[in-house]
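Let's take a walk through a protein model together, one region at a time. Keep the viewer open and follow along as we go.

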Amino acid sequence: MEMTLRWYGKDLDSVTLEQIRQIPGVTGVISSLHKVPCGVAWTYEQVKELKDEIEAAGLKLSGIESINVHEDIKLGAPTRDYYIENYRKSLEACGQNDIHLVCYNFMPIFDWTRTDLAMPLSDGSNALAYDSNLIDGIDPNTMFERMENASGGFILPGWEPERKDEIKELFEKYKGVTADDLMNNFKYFLDGIMPVCEKYQIKMAVHPDDPAWSVFGLPRIVTSEKALEKIASLNDSIYNGFTFCTGSLGSNRENDLPACIRNPKIAPRIHFAHLRNIKFEAPGVFHESSHLSSDGSFDMYEICKALKEIGFDGVVRPDHGRMIWGEKARPGYGLYDRALGVAYLNGLFEAIDKNGGCR
Ligand code: DNO
């Protein structure tokens, strides 16, 4: 298992590689070419530059999160082949740089969605939160403005300012696009990229929709155990796999996370794990908690145990952290609480291993 931390790059992150290097057990970072617009092909040199910078700090570039999928691909628009070709080129640039893991998502228009980016918690920290009552009936543009205003000046992935102007137009384009259409377009995309993934052994790890249900009337398809089974069946290649994000998939309380990990159709395709905890106040209403089981609604021990049981040996990262100790950072991506998350997860994994490793 490879413990990592997400890093946005030196101009975009408040956390430095030098700080990350000092977190016990962290050997790599997950990053991306955040400045390259979605749909533009990455080059070998661009990826190499990022990789060299990370390696110079004594860390590895363990994977890419994300190479974003252009909306025309998700919509099945006539221009999709052009964007799939560019996606293949970006994958090639990664493969030629010896990078074998790419996290991405297939959510229409919006990436992850929260209603509060700094909800005060009783211990004085603050955290990201979601209240479905506030989403139902809200205009997507208002949502965009809220995310922008609450971001503390950081650009949030999936919520880049330039996307705001496209929103109305995109909503028009998605009118009439059903979940089945989206699934068919997903298959078309996978069939287009899998030959490149096979060639360079790149594990594609689709991120679950966050939250794991439809928002703003848009179809969402990466939401449940059944959905993951369906996606696995879209393309047989083992490189067609998943990011097992506990906070996203677990946002729907009907999803039993350890059972989902153990599902034989899913287990061999878990290529990346995002481990974090959330605390429910009611169905559809939750805030992100510290990683500790007793602070949230998930049994993190059971989740880690299930991963060990299936022999998961891939890349892991703690996911969002709370903002603690007065830190000013990108919402969800401060240093301190994620570092505490790493220490806790490492402790769980060590204890599980020493208890027989469940294998
Ligand atoms: C949010 C992240 C997501 C994730 C993408 C993957 O914090 O988990 O933005 O990176 O959905 O494409």
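Below we visit a helix, some strands, the surroundings of the ligand and a few unusual backbone spots. Please bear in mind that this is a predicted model.

Let's begin with helix H2, which covers residues 44–56. Its 13 residues should span 18 Å at 1.5 Å a residue, and the end C-alpha atoms are indeed 18 Å apart, so the expected and actual values agree. Which residues of H2 are buried? They are Val47, Leu50 and Ile54. These residues cover an arc of only 65° around the axis, which means that they sit on the same side of H2. The spacing fits a general rule: an α-helix has 3.6 residues a turn, so residues three or four places apart point the same way. The other side of H2 carries Glu45, Asp52 and Ala56, which are exposed. Among the elements covering the buried residues are helix H1 (17–21), strand S2 (26–31), strand S3 (60–65) and helix H4 (80–95). Just after H2, Gly58 adopts a positive phi of about 85°.

Now turn to strand S7, residues 203–206. Lys203 and Ala205 point one way from the strand, while Met204 and Val206 point the other way, and all are buried. Here too a general pattern helps: in a regular strand the side chains alternate between the two faces of the sheet. S7 pairs with strand S4 (residues 101–104) in the parallel sense, over four bridges, and Leu101 stands opposite Lys203. Strand S8 (residues 240–245) also runs parallel to S7, joined to it by three bridges, with Phe242 opposite Val206.

Antiparallel pairing can be found around strand S11, residues 285–288. Strand S6 (residues 126–131) is joined to S11 by three bridges, and Asp131 stands opposite Val285. Strand S10 (residues 278–282) runs antiparallel to S11 as well, with four bridges between them; one bridge pairs Ile278 with Glu288. S10 and S11 form a hairpin with two residues between the strands, where Gly284 takes a positive phi near 80°.

Stay with S6 for a moment and pick out Leu128, which lies in this strand. Is Leu128 buried or exposed? It has 23 other C-beta atoms within 10 Å, and the threshold for burial is 20 or more, so Leu128 is buried. Its C-alpha atom is 5.6 Å from that of Asp116, although the two residues are 12 residues apart along the chain. Beyond its neighbours within four places in sequence, Leu128 is in contact with residues including Arg114, Leu117, Glu288, His320 and Gly332.

His320 and Gly332 also belong to the residues around the ligand. Others in that shell include Glu65, Ser66, Cys103, Tyr104, Asp111, Trp112 and His207. By character, the shell divides into four nonpolar, six polar and two charged residues.

Finally, some backbone details. Glu65 and Ser66 are joined by a cis peptide bond, with omega about 0°, and Ser66 sits in the loop between S3 and helix H3 (71–75). Another cis peptide bond joins Asp210 and Pro211. Ile109 has a positive phi of about 60° although it is not a glycine; it counts as partly exposed because it has 19 C-beta neighbours inside 10 Å. Trp325, not a glycine either, has a positive phi of about 55°, and with 11 other C-beta atoms within 10 Å it is exposed.

Definitions and conventions
Residues are numbered from 1 along each chain as its sequence is written. This is a predicted model: local features need pLDDT of at least 70, side-chain atom pairs count only at pLDDT 80 or more; totals for chains, interfaces and linings use all residues. A residue is near a molecule or strand if its C-beta atom, placed from the backbone, lies within 6 Å of it. Ala, Val, Leu, Ile, Met, Phe, Trp, Tyr, Cys and Pro count as nonpolar, Asp, Glu, Lys and Arg as charged, and the others, Gly among them, as polar. Two strands pair if DSSP finds at least two bridges between them. The expected span of a helix is 1.5 Å times one less than its number of residues. A residue is buried if 20 or more other C-beta atoms lie within 10 Å of its own, exposed if 12 or fewer, and partly exposed in between; C-beta atoms are placed from the backbone. The arc is that of the directions from the helix axis to the C-beta atoms. Two residues are in contact if their C-beta atoms, placed from the backbone, lie within 7 Å.
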